[in-house]
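Please consider the structure shown below together with its sequence. The account that follows treats the ligand site and then the cysteines.

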Amino acid sequence: MNDDIKTIYDFDHRLIREYFLSVERQAPGSPQVTIQALHFVNNLTHNSRIADIGCGTGGQTLVIAQNAPGKTTGIDLAPEYIEKLNENTQQFNLQNRVKGIVGSMENLPFGEEEFDLIWSEGAIYNIGFERGLNEWRKFLKKGGYLAVTENTWFTSERPAEIQKFWQKAYPEIDTISNKVAQMQKAGYMPTAIFVLPENCWTEHFYPPLIAAREILLKKYAGNQAAEDFIKFEEYVTTLYYKYKAYFGYAFYIGKRME
Ligand code: SAH
């Protein structure tokens with residue numbers, strides 16, 4: 001039954017933030033993949049402005065700043081993530097080129113045509129892919145780039161367990177061809193699409209979270225909500241390993257048309 005399926009939204013956001021604060025990235029990805037995606041963006045200069053929406057603690061924000069010219073603003077709803085990003089920018093001596101601010105992707109505090117590049121890894125699902133594409137376009141200069149990762153079906157048919165899980169957790173999950181059509185409809189010319197390699201999960205995302213779960217379990221021993229959340233996270237992890245031939249992330253890169 002679909003109603004038995006839990007999603008991340010069934011858990012306390014403070015618990016979720018505490019869990020993800022202890023790791024360097026809050027979504028699948030890797031520095032290599034961020035750099036690969038940046039190679040498809042060819043309009044940047046030292047005067048460029050970049051927005052990294054749903055930046056989390058800013059793992060990829062720092063990679064962008066280290067590999068592209070211009071100034072980057074990372075924005076996230078969680079103040080503790082932004083605090084960590086701003087600490088890290090000091091540590092990497094990037095404080096003049098990277099700034100983290102607290103805010104919502106649903107109500108971005110930016111001006112029209114402010115950015116040469118809008119970036120978002122593992123975060124646009126919070127508002128939904130199509131809505132994000134449509135609402136964020138006005139913040140891009142004409143000819144500016146959008147680069148986002150998004151949960152994607154790799155095949156036209158899927159085993160029932162994974163189909164049902166994502167249908168409940170993120171019904172906007174879709175095939176690459178349908179996502180590309182949505183990009184075009186929203187006024188972007190798709191310039192590059194690629195599937196993220198499995199090591200974005202199996203090396204960069206899941207292993208650090210195993211340690212994070214152990215810490216959380218110790219701290220909240222006997223707390224039902226925390227234990228349920230940890231069980232949920234373990235289940236989601238097993239789903240990935242079991243069904244990674246059927247779903248994962250793709251990077252969608254496009255250019256604002258008009
Ligand atoms: N880009 C980072 C974090 C991805 S996790 C990485 O790849 O590691 C998704 C992020 O979206 C979280 O940091 C979460 O706090 C943020 N988020 C969720 N809803 C948001 C909203 N409405 N506005 C801004 N950020 C949001």
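A polar contact is a pair of N or O atoms within 3.5 Å; within protein, one must be able to donate a hydrogen and the other to accept it, and residues adjacent in sequence count only if both atoms are side-chain atoms. A polar side-chain atom of asparagine 126 meets an oxygen atom of the ligand at 3.4 Å. The protein buries 91% of the 570 Å² that the ligand exposes when taken alone, areas being computed by the Shrake-Rupley method with a 1.4 Å probe.

The model is predicted: local features need pLDDT of at least 70, side-chain atom pairs count only at pLDDT 80 or more, and totals for chains, interfaces and linings use all residues. Residues are numbered from 1 along each chain as its sequence is written, and side-chain values use heavy atoms, with hydrogens and water left out.

Two further contacts involve the protein backbone. A polar backbone atom of methionine 105 lies 2.8 Å from a nitrogen atom of the ligand, and a backbone N or O atom of glutamate 121 is 2.8 Å from a ligand nitrogen atom. In total, 17 residues surround the ligand, a residue being counted if one of its heavy atoms lies within 4 Å. The closest are Gln26, Gly54, Asp76, Met105 and Glu121. This shell comprises 6 nonpolar, 8 polar and 3 charged residues, with Gly placed among the polar ones.

Why is cysteine 55 in no disulfide with cysteine 200? A disulfide is a covalent bond between the sulfur atoms of two cysteines, and here the criterion is a sulfur pair within 2.5 Å. The closest cysteine sulfur to that of cysteine 55 belongs to cysteine 200 and is 18 Å away, which is too far for a bond. The count of disulfides is accordingly 0. Cysteine 55 is buried (under 20% relative accessible area, 1.4 Å probe, protein chains only), at 2%; cysteine 200 is also buried, at 0%.

Key: Buried < 20%, exposed > 50% of the residue type's maximum accessible area, 1.4 Å probe, protein only.
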